[in-house]
Amino acid sequence: MSTETTFDTTALDWDKVGGLMPAIVQDAATLRVLMLGYMDRAALGRTLRDGRVTFFSRSKQRLWTKGETSGHHLELVAIRADCDGDTLLVSAHPHGPTCHTGSSSCFGDAPGQFLGALDALVRQREHDRPLNSYTTKLFEKGTRHIAQKVGEEGVETALAGVVQRDDELLGESADLLFHLVVLLRARGLSLDDAVAVLEQRHARAAEKAAR
């Protein structure tokens, strides 16, 4: 189902913002805040239609699609409105740095989730297959080999949890998480898909407890 059919534009209060609505852009993978722009009705419509984030440029006084000159566009994932309907939260996959300075975020060291960044990097490695990359070697050896590595790392993590120091347990846990991300990607899945299952289980448990 497209974003255009799932986002209710009728709930937006354009009059309150004078026809120009703030749009906060967030990396869909890492949740890092990337930039702030402004959208009018036309910019929002083009964003929903084309799947590339488009703003209304206050300096140029026209529609401006992010990356139209640099190539560093923002691939739309979802749009949400705040409770008052006068601000937008745009989730997107950035293709290249967002800021004109070359930084990933216009807010410098804005916090983000590293696991999301790792998942995105593994996805890119699976697509590009760069030479001399350990991740590339894993993908080329196939799903069975990757699954075996996850099993090995799982055993080593369990053993570390019983007989080794905290730093060794953390190291083994990091190895396990990395190989699990690679295994999911090899099956055409992502870390977000696994997290979604946890969220669904939590929601069902909370609903059951509330009865």
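This report describes the two largest pockets of a predicted model.

## The largest pocket

The largest pocket holds about 450 Å³ of space. Its lining is made up of 16 residues. Those nearest the centre of the pocket are Asp-27, His-93, Pro-94, Ala-120 and Arg-123. Two elements, the strand β6 (88–94) and the helix α3 (114–128), give two or more residues each to this lining. The largest share comes from α3, which supplies five residues.

Sorted by class, the lining of the largest pocket has six nonpolar residues, six polar residues and four charged residues.

## The second largest pocket

About 250 Å³ of space lies in the second largest pocket. Several of its lining residues carry numbers in the range of α7 (191–210): Leu-191, Asp-192, Val-195, Ala-196 and Glu-199. The helix α7 gives the most to this lining, with five residues. At least two more lining residues come from α3. The lining also includes Ala-28, Ala-29, Leu-31, Gln-113, Leu-115, Gly-116 and Asp-119.

By class, seven residues of this lining are nonpolar, two are polar and three are charged.

## The helix α3 in both linings

The helix α3 takes part in both pockets. In the largest pocket, α3 provides five lining residues, the largest share. In the second largest pocket, α3 supplies at least two residues, while the most come from α7.

Note on methods. Residues numbered from 1 in each chain as written. Predicted model: local features only at pLDDT ≥ 70, side-chain atom pairs only at ≥ 80, totals over all residues. Heavy atoms only, no water. 1 Å grid on protein atoms, 1.4 Å probe; cavity = no way out; pocket = protein on both sides within 12 Å on 5 of 7 lines; lining within 4 Å. Points joined across faces, edges and corners; volume = space filled by probe spheres on them. Helix = DSSP H or I, 4+ residues; strand = E, 2+ residues; numbered from the N terminus. Nonpolar A, V, L, I, M, F, W, Y, C, P; charged D, E, K, R; others polar.
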